[in-house]
Amino acid sequence: MARLYAIDRKQETVERRDALLARLRALREGLPAAPSGNPIAQCAFEVSRRLEEGELSLEQVAETARLLADEAFLARAKRLSDYLGLDSSLDLEEQLQDAVSRLCRDGKGKPWDFEAFQAFWRRAAFGIVFTAHPTFGLSRGLHGVLTDLAGGGEDAREGALARLAELPHEPEKEITLAREHAWAQEALANATRALDRLVALLVEEARERYPEDWRAFDPKPFTLASWVGYDLDGRTDIHWWDSFLFRLSEKAAQLARLRQGLEAIRQAHRFNQDSRRKLQELEALLKRALARCERDLAAFRELNHEAEGGMAALAKAANLLTEAGNDRLVEPSLLKQRFSEIIAGVEEEGPALSLIRLRAQVEVLGLGSAHIHFRINATQVHNSLRALLGEDALGDFSSRLVLSRLEKRLALAKVESVNFGTLELETATAIRQVALIAQLTKHLDSETPLRFLVAECETPATILGLILLGRVFGVAGRIDVSPLFETPAALERGARLIEALLESSAYRDYIRERGRLCIQTGFSDAGRFIGQVGATLAIERLHMKLARLLKRSGLEEVELVIFNTHGESMGRGCHPQSLANRQLYILSNAARRALTAEGRPLKHEFSFQGGDGFLIFGSEPLATACVTRLLEVELAEPEAAEDALYSDTDLSLDFFLRLKAYQEELFHRPEYRETLGAFGTSLLFSTGSRRSRRQHDSGSPRDRGDPSQMRAIPNNAILQQLGYVANIVSGFGAAVGLDHERLAELYQRSDRFQRIMRLVSAGKQRSSLHAVAAYADLFDSGFWTSRAYSGAEAPLEQPFKDMAQILTGDRRAQSMRRLVNALRLDAIELHRLLDELGLDRAPGTNERRLHLDLLHALRIALVMHIYLLAARLPRFSTRNDLSREQVLAMIVSLEVPPAVAALRETFPRHHSGDAAAQFEERASYDPLDLSDYERLHSDFLEPMERAYAEVRRISVAISHHFGGHG
């Protein structure tokens, strides 16, 4: 992997980078003698002065930042390779084979009999879920370069390095839901190929071990699922026909894959007459079903739901889709049966092995590319129930009375039928989604289960009500209703909610029918409110409570499904050390042991979110490496070693409560809110089709940065970009308290605490309070006054004074500095603890921090450049309700695109023709008058846009250091 770091850049750019790093290093080394100094702020100021004096050009600053971005990108690729274990001396096939061989034995190391082998590989003990959170921070081109560098061969890496030089560090210009869905389908396709490689090894293993029985082997080692295109929580832009078309296209892709696979098997092997006939019949069935599916896709894609006569056109397309015929295929079990008949009659082993592999895809995926998860929120469920049952039929959803009423309704529920007209006319979201499930079940896949996730679920009546909707529309036996616990309050009350549900005979009957009880836990919002470590420990406490609750439930046969939704950043539950550590961080060994006590079946599902998550499945080698690591963790017996975190509960509980209290107080501090809102999301590119709730186009920083109104991803991304991931590393000074020595000892005796502290250490290595303080300088009126007062930059005296004037009374600098001081006091104890544990001595840590600090310094210099361009705008009176003061206020918050757009609209670029040619007397001075705003555009607006583009590209470079966006 050493060649990953070989990139060619202009020598002068490398020398400039090295000189700036040397300057930063010298400034840092001088801190003991000048503890109030700030290396990042000083470096940024020096670059700013050189930039304004013309000693440095904007292009040279951009080239230097680009070199740092490329290096950070290559280091990210190396980390991804190491994260997935691709640095092993074994090739991928050997690693996978090794994992399979170690798993195919009982607890005493003895080989299983066939029944045990079949049972072990038949039950999917884990599930991979792809979700479209807005973390598409890389363009498709960069995505491909990164996957080739991390998981490709030598030729692929060479080509990737060549492509890297041509690609800017930014996401796609427009990220639509359709593009996200296509991206998810590519990740699923690679995951399916990895599944096929695993199944091939398992079938070979079965053939060698069980020569009499192996043809009956029917593996289902894990499941694949996606909610991309089906998640309506917080969205109104996904219509029923979008979801239906996605699912129809997924079915077409699966049928095409099966048909191609069957054709390849037929052409590659010899068959007896009976088997060949059955093979051709199955091929013909798939061909007819695929043709029908493609016909229906074309008909529904042509619909215009807003055009006049749309219902008639919908009816025509729907009638085509629902008509009977021998090309109709909705039962995966029919396909499996046909495969099994052919396998049983095939004499040769080769084609039988290949057919078992293809049958496994039907078993795992059904008639689609994955299982699908629908998601809505509790309010949508409540509104739909009131619409269905009447406003007076239900009261407060938290009351026992409502629960009792819903139980009675369930017992008397009459099944209603629906059609596509129902979907078009229905306005209640939950009813429409359940009706959509009914249509998908009737017409696309009648057997593969669907998950229905309910966000913001705080009452058992919400879950029972959704089960009632499923019963009314005839799909309760096909959907798994799952509450989502993601806020601190929900995590605290989650076990009581499940306990109340288990007291309901209707709910107990439902989960017995389904054979599973499903919950979802979220690391994102909880990590925003009480910090990532606090959230992880709160989720683990919920896991433990559920284990105790289920132990006394009398439902030993019911499988528990825990879906942990987290992300690829540390702030969202992704452990940076390795994939194995990630899995054991989100579901600890202790929780695994408790949840599987007395043989209870547990299925652990986990998410790979958005562009960052899809990277791990960005190629077949990466997907195969990921599946191999997951097998090693998820199918292994959880370690039973004693862990002091659970035995010394007084110490660990006090630590958790103090950490949680600090993070809760931090979350509500005005200084924290104003720091998050200093730039809002202006440092960020848009990274997904689901909009991050931009606080306001204008308005106070207090309003724009309210963390309670901000989604978790932008919240985390802003902390990354300001240079200090407070929701990961803060609070440890308060949490350690007087227990420093005991916690250091605990670290030596607790695998769980070690894993937690390594995550904290990784966050701290990438964090610098000097960076936050340097950004505060931008909003400090005194900083700009001092630059004017010094006289060293005389040509800029008036712009400096203008900046000082516009920032007079601005609270951001003061708030950010108060926050820095508070966080610095807290960090003293964390530094001491990390030093004692040896966690701040990782090789290369200081050099990586220097590179990250320099990115911050260059970006701050560019922001200063944008401010000074704005401050040098010619003075103009208010026009089109736009004043110069308003423009400067927008620019100070880095709202550059709307500010530039407003100026372009107010002062449009147009030329006055060849006016100068009318005068015999020539002039060298070109005035900026009211008839020609060319210089306004060329000298101010365009350079401002170029500088802002570089500001956001540096944001992507900074995200490379963290390995994810938000």
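**Burial and contacts in the model**

Trainee: Is aspartate 853 buried or exposed, and what is its relative accessible area?

Mentor: Aspartate 853 counts as buried, because buried means under 20% relative accessible area, exposed over 50%, and partly exposed in between (1.4 Å probe, protein chains only). This is a predicted model, in which local features need pLDDT of at least 70 and side-chain atom pairs count only at pLDDT 80 or more, while totals for chains, interfaces and linings use all residues. Residues are numbered from 1 along each chain as its sequence is written, and side-chain values use heavy atoms, with hydrogens and water left out. For buried aspartate 853, the relative accessible area is 4%.

Trainee: Which residues does aspartate 853 touch, not counting residues up to four places away in sequence?

Mentor: Aspartate 853 sits in helix H40, which spans residues 845-871, helices being DSSP runs (H or I, at least four residues) numbered from the N terminus. With contact taken as heavy atoms within 4.5 Å, and residues up to four places away in sequence set aside, aspartate 853 touches Leu24, Arg28, Ile40 and Ser768.

Trainee: How many Å lie between leucine 164 and leucine 74, C-alpha to C-alpha?

Mentor: Leucine 164 belongs to helix H7 (residues 154-164) and counts as buried because its relative accessibility is 0%. Leaving aside neighbours within four places in sequence, its contacts are Arg66, Asp70, Phe73, Leu74, Leu142, Val145 and His169. Although leucine 164 and leucine 74 are 90 residues apart in sequence, their C-alpha to C-alpha distance is 9.7 Å.

Trainee: Does glutamate 115 count as buried or exposed?

Mentor: Glutamate 115 is part of helix H5, covering residues 114-122. Because its relative accessibility is 54%, glutamate 115 counts as exposed.

How values were computed:
Helices (H or I, at least four residues) and strands (E, at least two) are DSSP runs, numbered from the N terminus.
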